[in-house]
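User: Could you give me a close look at one spot in this predicted model, and then walk me outward to the other local features worth a glance? Keep it chatty, but stick to what the coordinates say.

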Amino acid sequence: MQLLLLHMQHNNVLILDFGSQYTQLIARRVRELNIYCEIHPFNKIPNNIESYKAVILSGSPNSVRGEDVLHPELKGIRGEKPLLAVCYGAQYLAHFSGGEVAPSNTREYGRANLSYIKEKESFFHNIYEGSQVWMSHSDTIKKLPENGVLLASTHDVENAAYKIEGEQTYAIQFHPEVYHSKDGKQLLENFLVDIAGVNQDWTPQSFVEETVADLQKQLGDDKVVLGLSGGVDSSVAAMLLHKAIGKNLYCLFVNNGLLRKNEFHDVLEQYKGMGLNVKGVDASARFLEALKGLSDPEQKRKAIGRVFIEVFDDEAHEITDVKWLAQGTIYPDVIESVSATGGPSATIKSHHNVGGLPDFMKLKVVEPLKALFKDEVRRVGASMHMEKSLLGRHPFPGPGLAIRILGDITAEKVRILQEVDAVFINNLKKWNLYDSVWQAGAILLPVNSVGVMGDERTYEKCVALRAVESTDGMTADWVNLPYEFLQKTSNEIINKVKGVNRVVYDISSKPPATIEWE
């Protein structure tokens, strides 16, 4: 519903996904131009193709020469709409339109520089020879397709960019969406704004205005119940719904016993000043009982999800005539639940707010943020004058500390980790490091180590500290925190938290690791 209504109010860009790891980055770069776009699998093209102003074909791990070639249906698109083909898309147009694609002698991956750009070409406006681009392919275009006109080359890739004469069709072998393509944003702007004529009218303010109007139309006088987590997504969703339906929004904040130290009380206090109708529910004993004896991460996630729904359902029944469940689902959650090949996506870990409701909950779902990336959610919140301290909060996993305690869960382990986490997070704030970190937390490891305290042997827990920098959590790198900070934080944890005698720091990036350990 939300995405459909937005179609009618913006010049939209359609991104067809062939399974590239960079597809979300294309969407993010387009959104940074204040242009609304959507990602759809290459074989599930929306029926209302006429509402899209331009189309982008993504890259892919597949080869156009292989048996598993991915064939998009480009009727109504190619030759009729401005089309930009990236990497696999560029090879696809060449291979199936009279050109030639062959294996590269060496895999073309990494930085390259444009050594030739066709003069007076609007596609490369304000981009010059020597501009750095990012290559990631093992095939290369040996011969351009019929009516193909060469636009740019690098030292190793002759056909780095081309266009089709008589069409607004452009193709590039490199990836403009990645940071290492220094003029990638300029190139996307050249194509979308100058060539395709797409309006740059996708702003936080326009999103708030349109979403509130859409919610009012969708919900009418119905009552809505929303589960608050204290995080950015659910809080911004609550404010949008509050603007739309006011007193008909009922918010529940459930303490699952796995929150950070004092978080249940602190978050409830914070919401009081926002004008929201919030009820706090302490169900910590119920969750810990359900987790007893469980060590497998997915089993823990499922147990927490099941109990949350049970608690939520019990509380929702206390509200008469409630018809809707609101969720803080954001766009990456939606994208990751759909495979580019149309089949089931590989499950890395369960998303707590994707996948529908059990049959016994007779509530319709409303998701006001499902069109937004995380950084866009923060900008929308800022446009509604929400507190910076709330909008700047680090992401925190839905299952809470349960997936930061490796192995089974006990009340004592929760206590230990809450204390460790409080020292770590508070020190980040004291040292003015918190806002330069995207997400941070502590992990309780399922091992004991030998230590010495006061001339006595100890055999206690080891904890790992984790701090990463990222934009949207899809990729992340570990933060190089000052040695002095780590030293003092480690000493404080060991001295103050009974049960811990060793602290380590996680220096793994995502990929190959994930941000959370479970």
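Analyst:
**A loop residue and its surroundings**

Let's start with Ile403, which sits in the loop running between helix H12 (388-391) and helix H13 (411-430). Keep in mind that everything here is read off a predicted model. Ile403 has a relative accessible area of 1%, so it counts as buried. Leaving aside residues up to four places away in sequence, the contacts of Ile403 are Arg301, Pro397, Glu516 and Glu518. For a sense of scale, Val437 is 34 residues from Ile403 along the chain, and their C-alpha atoms are 20 Å apart.

One of those contacts, Arg301, gives us a way into the next bit, as helix H9 spans residues 297-316. Two packed helices are described by an angle and a distance between their axes. For H9 and helix H8 (residues 284-291), the angle is about 145° and the axes are 9 Å apart. The crossing of H8 past H9 is right-handed. On the H8 side, the residues in contact are Arg286, Phe287, Ala290 and Leu291. Their partners in H9 include Lys300, Ala303, Ile304, Val307, Phe308 and Val311. Sorted by class, this contact has eight nonpolar residues, five charged ones and no polar ones.

Two other contacts of Ile403, Glu516 and Glu518, take us to a later part of the chain. The segment after strand S18 (500-505) is where you'll find Pro511, and Pro512 is in that segment too. Most peptide bonds are trans, but have a look at these. Lys510 and Pro511 are joined by a cis peptide bond, with omega at about -15°. The bond between Pro511 and Pro512 is cis as well, and its omega is about 10°.

Now hop over to helix H2 (residues 23-32). Eight of its ten residues are buried, so H2 is largely enclosed by the rest of the structure. Among the buried ones are Thr23, Ile26, Ala27, Val30 and a few arginines: Arg28, Arg29 and Arg31. Arg28 has a partner worth picking out: its side chain makes a polar contact, at 2.6 Å, with the side chain of Asp375. Asp375 belongs to helix H11 (residues 374-383), and its relative accessibility is 17%, so Asp375 counts as buried too.

Most residues other than glycine have a negative phi. Just past H2, Asn34 goes the other way, with a positive phi of about 60°. Asn34 lies in the loop leading from H2 to strand S2 (37-41) and is partly exposed, at 32% relative accessibility. There's another asparagine like this: Asn126 has a positive phi near 65°. Its place is the loop between strand S5 (100-117) and strand S6 (132-143), and Asn126 is partly exposed, with a relative accessible area of 40%.

Last stop, the cysteines. Cys37 is buried, at 0% relative accessible area, and Cys251 is also buried, at 2%. If you're wondering about a bond to Cys37, the closest cysteine sulfur belongs to Cys87 and is 19 Å from the sulfur of Cys37, so the pair is too far apart to bond. Searching the whole structure turns up zero disulfides.

Note on methods
Residues numbered from 1 in each chain as written. Predicted model: local features only at pLDDT ≥ 70, side-chain atom pairs only at ≥ 80, totals over all residues. Heavy atoms only, no water. Axes fitted to C-alpha atoms, helices over the stretch in contact; angles between N-to-C directions. Helix = DSSP H or I, 4+ residues; strand = E, 2+ residues; numbered from the N terminus. Left-handed = near helix turned anticlockwise from the far one by under 90°. Contact = heavy atoms within 4.5 Å. Nonpolar A, V, L, I, M, F, W, Y, C, P; charged D, E, K, R; others polar. Buried < 20%, exposed > 50% of the residue type's maximum accessible area, 1.4 Å probe, protein only. Polar contact = N/O pair within 3.5 Å; in protein donor to acceptor, adjacent residues only side chain to side chain. Disulfide = S-S within 2.5 Å.
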